[in-house]
Amino acid sequence: MYICRDCLHTFYTPKIYIERHGLPEPPFEEFACCPKCNGLSIERRRSNA
């Protein structure tokens, strides 16, 4: 499970954002972000199972 430190939303799968920098082909940058607010301050939490 993940938590966003910006909006405190909890989620199981982060959204993957791809920054292309105007390039038609790779290399592109990929970032994992919050699916609710697109914040990059996400943290993985251990499950208590």
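## Strand pairing

In this predicted model, strand β1, covering residues 2-4, runs antiparallel to β5 and is joined to it by 3 bridges. If you want a spot to look at along this pairing, try Y2, which stands opposite R44 in β5.

These two strands belong to an open sheet of 3 strands, with antiparallel pairing and the order β2-β1-β5. The edges are formed by β2 (10-11) and β5, each of which pairs on one side only.

## Cysteines

How many disulfides does a search of the whole structure find? The count is 0. C7, for example, is in no disulfide, and its nearest cysteine sulfur, that of C37, lies 3.7 Å away. A disulfide needs two cysteine sulfur atoms within 2.5 Å, so the pair C7 and C37 does not qualify.

C34 tells a similar story: its closest cysteine sulfur is in C7, at 3.8 Å, which is too far for a bond.

As for their surroundings, C34 is buried because its relative accessible area is 0%, whereas C7 counts as partly exposed at 28% relative accessibility.

## A nonpolar surface patch

On the surface, Y17, F31 and L40 make a nonpolar patch of about 280 Å². Where does L40 sit? Its place is in the loop between β4 (29-33) and β5 (42-44). L40 has 53% relative accessibility and therefore counts as exposed, the cut-off being over 50%.

Key:
Residues numbered from 1 in each chain as written. Predicted model: local features only at pLDDT ≥ 70, side-chain atom pairs only at ≥ 80, totals over all residues. Heavy atoms only, no water. Patch = residues over 30% accessible without salt bridge, like charges linked within 9 Å, V, L, I, M, F, W, Y side chains within 5 Å. Areas by Shrake-Rupley, 256 points an atom, 1.4 Å probe, with all protein chains shown as cover. Salt bridge = Lys/Arg side-chain N within 4 Å of Asp/Glu carboxyl O. Helix = DSSP H or I, 4+ residues; strand = E, 2+ residues; numbered from the N terminus. Buried < 20%, exposed > 50% of the residue type's maximum accessible area, 1.4 Å probe, protein only. Pairing = 2+ DSSP bridges.
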